[in-house]
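Good morning, and thank you for joining. I would ask you to keep the sequence and the structure in view as I speak.

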Amino acid sequence: MLISVSCKNFKSVKDNETISFDCINDVRLDDNRLVEINDRYKLIKSLAIIGPNGAGKSTMARVLEALKCIVTSEDGDEQKMLRKFFQGSFFGYGETKGMPSILSIDFVTEKDEIIRYRIMASHERIYSETLYRTIDGMKKMIYSRKYIPDTGRYRCSFGRAYEGEERRELTRKLADGKTVLQRAARLGLDFFSDVYSWFDNVLDVKPIGFSSSSEKYFVRMMEEHPDWKKKIVDFLWSCDITDVKDVMIRDGHALFIHTNALDKRGQYFDGESFSLRRLVTIGASIFEAYVTNKTMVFDDFGMMLHPLVVQHCARLFEECSKTKRSQLIVIDCNPSLLKDGLLRRDGIYFAEKTSEGCTRYYSLADYRYSLRRLDTPNDYLNGAFGALPLTNEFKFDK
């Protein structure tokens with residue numbers, strides 16, 4: 001499970017910004033929506049980042065996507081991943097322009113190891129990489145790798161667990177864009193394999209629902225779980241889409257069977273409406289979170305969906321994931337996610353631009369409230385929490 005994610009000098013973020021899944025102590029909030037890891041950590045299951053267009057809400061999704069892709073990249077694709085996420089991605093103002101980005105993540109592995117992973121990188125190379133684990137409340141360094149510009153080489157330091165030939169093998173001829181974590185996992189070292197597996201199998205940045213990658217994901221889920229086809233139909237019915245009667249997979253494509261009183265027809269995935277394509281992607285993801293532990297990230301979660309359907313999907317995830325350590329991170333402009341009781345207040349973050357033009361994040365839990373007069377959506381739209389678009393008069397020239 002994800003504990004926190006931070007970034008600095010990345011995309012629209014200039015100074016260090018953090019999104020935390022560690023709950024606050026407030027008896028008014030529902031503890032049933034938490035997962036207790038140990039005496040120190042109780043983690044939020046569902047978190048939303050809300051704000052106006054262009055405020056930088058999606059930056060944290062890109063941080064998670066960048067870390068996943070860099071750590072799990074195929075041999076030979078390392079530089080491609082660095083260029084994809086860091087070329088032109090530095091904050092464009094002031095003294096930080098052109099400086100490397102810093103990305104950091106704290107999470108819990110499937111074996112309940114508390115991990116902190118941090119990289120400093122640009123489109124050219126990884127400048128530093130560190131991995132820590134927490135044992136009995138004490139943070140222990142596993143390794144640290146740092147680029148030394150004067151020599152053009154890396155200096156590596158290791159904790160006591162890795163000595164001699166094993167240590168040398170981890171860093172031998174390591175490319176500028178390849179991580180020690182990836183090398184160690186592929187050498188089959190148990191601890192590193194568990195950490196790598198979290199990035200590879202648990203952290204999951206979902207497709208929006210409109211592209212071929214969305215259909216491939218949906219088809220794969222239906223082929224791996226044939227009984228889910230009927231469940232997808234039931235899920236669509238629960239969202240008031242009642243004319244879809246069946247789902248079929250043909251030659252690697254999804255075919256939806258529509259019926260009404262007079263007709264019956266089939267429609268392939270790419271011919272369906274954007275809203276249905278979006279919904280079946282979300283539905284399959286919710287089912288996946290029911291059978292395995294997932295930390296799922298949805299950018300533009302409510303795109304093309306009615307506000308009540310957005311709320312319905314968020315509630316379904318909370319319900320289905322009770323037996324698993326799954327998490328849902330949604331990013332959206334839609335204030336319907338602020339409905340009181342839908343998410344915990346410490347699970348709602350706002351994103352807005354500062355006067356300098358960079359993004360800052362802050363939590364709804366920072367604001368006082370009373371259970372007797374809760375009306376968070378209207379309070380937000382009336383400007384109580386900021387993070388609103390400032391619209392201005394617009395005129396057409398003759």
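How many positive and how many negative side chains does the chain have, and how far apart do the centres of the two sets lie? In this predicted model, there are 61 positive side chains and 58 negative ones, and the two centres are 3 Å apart.

Let me turn to the overall architecture. The chain contains 10 helices and 18 strands. Its radius of gyration is 23 Å, close to the 21 Å given by the globule rule for 398 residues, so the chain is as compact as a globular protein of that length. Along the principal axes, the C-alpha atoms fill a box of roughly 75 × 60 × 50 Å.

Next, contacts and surface. If one takes the contacts between residues at least 6 apart in sequence, 61% of them join residues at least 24 apart. Of the 398 residues, 52% are buried. The chain exposes about 19700 Å², and 48% of that area comes from carbon and sulfur atoms.

I shall close with one element, helix H1, which covers residues 59–72. At 1.5 Å a residue, its 14 residues should span 20 Å, and the C-alpha atoms at its ends are indeed 20 Å apart, which agrees. Is H1 largely enclosed or largely open? Because 12 of its 14 residues are buried, H1 is largely enclosed by the rest of the structure. Among the buried residues of H1 are Met60, Val63, Leu64, Leu67, Ile70 and Val71. Lys68, Cys69 and both Thr59 and Thr72 are buried as well.

Definitions and conventions: Residues numbered from 1 in each chain as written. Predicted model: local features only at pLDDT ≥ 70, side-chain atom pairs only at ≥ 80, totals over all residues. Heavy atoms only, no water. Helix = DSSP H or I, 4+ residues; strand = E, 2+ residues; numbered from the N terminus. Rg over C-alpha atoms; globule rule 2.2 N^0.38 Å. Buried < 20%, exposed > 50% of the residue type's maximum accessible area, 1.4 Å probe, protein only. Contact = heavy atoms within 4.5 Å. Areas by Shrake-Rupley, 256 points an atom, 1.4 Å probe, with all protein chains shown as cover. Lys, Arg positive; Asp, Glu negative; His and termini not counted. Charge placed at Lys NZ, Arg CZ, Asp CG, Glu CD. Expected span 1.5 Å × (residues − 1).
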